[in-house]
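Thanks for making the time this morning. I would like to walk you through one structure, going slowly from its sheets to its ligand.

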Amino acid sequence: MTIAGRINAAVAIVILSASAVAVVALGVREYHSHRDDLLTRIVAEVGSQTALPVAIYFRETQQIDGLLTQLLRLSPAISQARLYSEEGNVLAQHNRFPGAAEPLPDFSSLRSSGLSPLDTGHGAHASDTAPTRSRTLATLTGGERVLDLTVPVLSSVNPVRDALSRQEFGQALASPATSRYVVGYVHFGISVSMLMLLILPSLALLTATAAVLAGLVIWLLSRHIRRLTAPLSRLARIADEIATGKLDQPITVDGSGEIKEIAKVLNAIIGGLNKYKTRMDVDHQLLSMKVEERTAQLTQRNDELNKAVEQVTETKNRLRQMAYFDSLTSLPNRRLFTEQLDLLLRLAKRNNRLLALLFLDLDNFKRINDSLGHSAGDILLKEVAHRLASCVRESDVVAHFVDSESRIDVSRLGGDEFTVVLNEVENAEAVATIAQRLLNALLQPVEIEGHELVVTPSIGIAIAPTDATDMEGLLKAADTAMYHAKAGGKNKYLFYSNDMDAAGVERLLLETDLRKALDRNELLFHYQPQVDTNTGTVVGVEALLRWQHPDQGMIPPFKFIPIAEEIGLIGELGSWGLREACRQLVELREEGYALPKIAVNVSALQFNRNFCAQVKAILQETGLPPSALELELTESIMMEDSHSTVKALQEFRGMGLRLSIDDFGTGYSSLSYLSRFPLDELKIDRSFVIDFDKSDNDASLVLAIIAMGRSLKLELVAEGVETHEQFHFLTDNGAEVIQGYLFSRPVTATELRPLLAPGYFLEQIREIRADSHEGGYSSAL
Ligand SMILES: Nc1nc2c(ncn2[C@@H]2O[C@H](COP(=O)(O)O[C@H]3[C@@H](O)[C@H](n4cnc5c(=O)[nH]c(N)nc54)O[C@@H]3COP(=O)(O)O)[C@@H](O)[C@H]2O)c(=O)[nH]1
């Protein structure tokens, strides 16, 4: 609301209130004057009625009625008129509204004590009924009230005087009054609501006049106020425009005094705002530039971050791929396979479903690999992986895997070993169908470098929970079944059964583990010194193979060398042994140990056509001089007596290698091959040495071997020497280089190092020799 509006409203309220108060005051005044006027008129009228005292005196009822009726006509507000004798007896009564008549208060209460008989009595009482015309007004004003007016009727005739004639009465009245007597009373009941009703027209006129006047005043004042507040309204509008930013120019306002002051202030505000706006605009521009710069930086950072995230994700994926997938075939590797199989087994158990594990090993893969080379082997493995994967994925038996990225339906555990997992299979028949499909899939030849190759698998099948409930057990069962399939003719599948021979299984498991031992770095050498008993110095060491099995601990060579020979692993094992022994001696020499030679056992099965080339390559590779390598050959190699063996030995000799004959005397020991082959050394077998003092036979054999060696100009090494007696017996009889527990058990390379110090065993030898003199030992023969 505008200021003018607000002032106008206030002025209107004040004026209207004042008008209302004035109307009410004037109304009240009107009422009182009207009432007083009526009362005065009634009193005057009663006094002027000269016939009234006569009618009262003579009790002229008719006359009295007429007079009362006449008095009632004085005003419509007079509702009742009652006439009393001077003793207070009712002589006559007239009601204006007969239906609403009600008893008037009794005479005595109207003329209460203290009131002279000549006085007019005033009073009022509440009434239950109001005249019909004014009933609404009576209700609005809180109920009907009736004014009681008792007017004495006076006469100069003493009413107590009796028997006056009308004439006498008239004369008495006409004669000048000496005294005045009350002859009766007229009681008037005047309706207050009727009185008010009677003044209503004048009240309405008054109200209308007041309203017109008030309206006029309000109109005039509002015009004036509007004129006065017009500059203020303008200023308010200007202030609004300033506030909404629509005004930025100084203003001119008509007016004086405070208006001018306010205009000045507003102009100052406009100036200030303009300055502020300019500064804000500059700040805004600077801020926008900064925001743009920061946005560009953030976008750049965001891009860099996204790139980094991409790189990290890529690296993570690559690492995952490397950690969980086989690089050659991209199939899940052993790690992913074991992790997921464990999970699937637990799921299968929970869902009460069957899970089948098929363990595949390619038959004769090694042969292909060796003959055609590793790259051909790799191509073959890739093709096999591809065929297995497509074969299994086509299958409707392979059910849901936990996570599509971790599917292990086909995995490569290493080498030529693959697994197929059939999750949630119905029965063994379904598994057999898939196994047959796998066999068929591999029957198609693979063309590699112009060769058509067929590689068949042997498949072992184990079913969880029937055959095993845990991952290791299931893998072992499938592995065992696979070996039985291989042993049973290859290119077939076999379900695992409990009656698969336990010992055979153990052997099969050892075979399986041995195949993996090299890859898993489980093979190592222990070295046993060969001591020159004249100098106490180590003149050579024999490298003796050990297998550090993850479950069974250290396995001695007699337990696994024959297996390696049987399963065709001895070539690989022997080649590794030769390389490792040569490498170890080179390392010792580089460290400054002057060890003349290292002796390596050679199995007869190693001794094939490629052997010479292999040894040559290893010597070249490791840089060991051929003269430092001694090959310990068994009698069986000699016994073959083939042209190729002689040729190979001559070739070795030509290369400068040392050749030693091991276990001499245990087989078909024959002087003829000793003389025909180009040997350097003869080892006296420990079985003869150990029992020489218990058996004359053995002692004689030892002496015979020594004599044989000497005559063939072969160096002698006696092995298995444990006691002083054996030492004395051998040394006294010309076997001066001794290998045995007496000096040292086979030890690790680290433990060997201190023993290689020149003359390390000299003190011990002196003690042994001294011991013989004290003990009075003498040669047996
Ligand atoms: N083809 C390969 N055969 C190998 C290789 N390494 C070992 N072998 C063959 O295993 C045979 C057993 O070897 P090992 O159990 O190590 O026994 C050797 C010595 O520990 C043992 N020896 C030595 N001194 C004593 C002794 O005082 N008492 C005692 N009871 N035994 C002793 O003799 C074995 C050494 O024999 P030898 O080779 O005849 O010198 C072993 O004979 C090899 O045939 C290998 O790398 N390849």
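**A walk through the model**

Let me begin in the middle of a sheet, where β6 and β11 pair in the antiparallel sense, with eight bridges between them. If you want one pair of residues to look for there, take Asp361, whose bridge partner in β11 is Ser458. Before going further I should say that what we are looking at is a predicted model, so please hear everything that follows in that light.

The sheet that holds these two strands is an open one of five strands, in the order β7-β8-β6-β11-β12, and its pairing is mixed. At its edges stand β7, residues 410-414, and β12, residues 493-495, each of which pairs on one side only. Direction ignored, neighbouring strands in this sheet are turned against each other by 25 degrees on average. Two helices pack on the sheet, and I will take them in turn. Helix α9 touches β6, β7, β8 and β11, and its direction makes about 20 degrees with that of β8. Helix α12, residues 428-443, touches β6, β8, β11 and β12, and its direction makes about 160 degrees with that of β11.

Two details of the backbone belong to this part of the chain. In the loop between α9 and β6 sits Asn352, which is not a glycine and yet has a positive phi, near 60 degrees. In the loop between β11 and α13 we find Pro465, and the peptide bond that joins Ala464 to Pro465 is cis, with omega at about 5 degrees. I point these out because most residues other than glycine have a negative phi, and most peptide bonds are trans.

Now to another sheet, again open and again of five strands, with the order β2-β1-β5-β4-β3 and antiparallel pairing. Its edges are β2, residues 90-95, and β3, residues 121-127, and because each has a single partner strand, one side of each is left without a neighbour in the sheet. Here neighbouring strands are turned by 20 degrees against each other on average, with direction ignored. Within this sheet, β4, residues 144-155, and β5, residues 181-191, run antiparallel and are joined by 10 bridges, and Leu147 stands opposite Ile190 in β5. Helix α3, residues 61-72, lies across β1, β2 and β5, running at about 40 degrees to β2.

The unreviewed UniProt entry annotates residues 6-28 and 195-221 as "transmembrane region". In the model, residues 6-28 are 100% helix, with end C-alpha atoms 33 Å apart, while residues 195-221 are likewise 100% helix, with end C-alpha atoms 38 Å apart.

What comes nearest to the ligand? Of the 25 residues around the ligand, those are Leu544, Pro557, Asn601, Gly740 and Tyr741. The elements that give two or more residues to this shell are β14, α15, β16 and β18. By class, the shell has 10 nonpolar, seven polar and eight charged residues.

Finally, a word on confidence. The chain averages a pLDDT of 86, and 93% of the residues score at least 70. Among the elements of the chain, helix α6, residues 166-174, has the lowest mean pLDDT, at 73, and strand β13, residues 523-532, the highest, at 98. Over residues 396-400 the pLDDT is below 50, and beyond near neighbours in sequence this stretch has 11 contacts in the model. Residues 776-781 also stay under 50, and there the model has 10 contacts beyond four places in sequence. Where pLDDT is low, the predicted coordinates should not be read in detail. For the model as a whole, the scores are ipTM 0.94 and pTM 0.46.

Methods:
Residues numbered from 1 in each chain as written. Predicted model: local features only at pLDDT ≥ 70, side-chain atom pairs only at ≥ 80, totals over all residues. Near = placed C-beta within 6 Å. Helix = DSSP H or I, 4+ residues; strand = E, 2+ residues; numbered from the N terminus. Nonpolar A, V, L, I, M, F, W, Y, C, P; charged D, E, K, R; others polar. UniProt positions renumbered as here; feature names shortened; annotations may be inferred. Pairing = 2+ DSSP bridges. Axes fitted to C-alpha atoms, helices over the stretch in contact; angles between N-to-C directions. Contact = placed C-beta atoms within 7 Å. pLDDT = per-residue confidence, 0-100.
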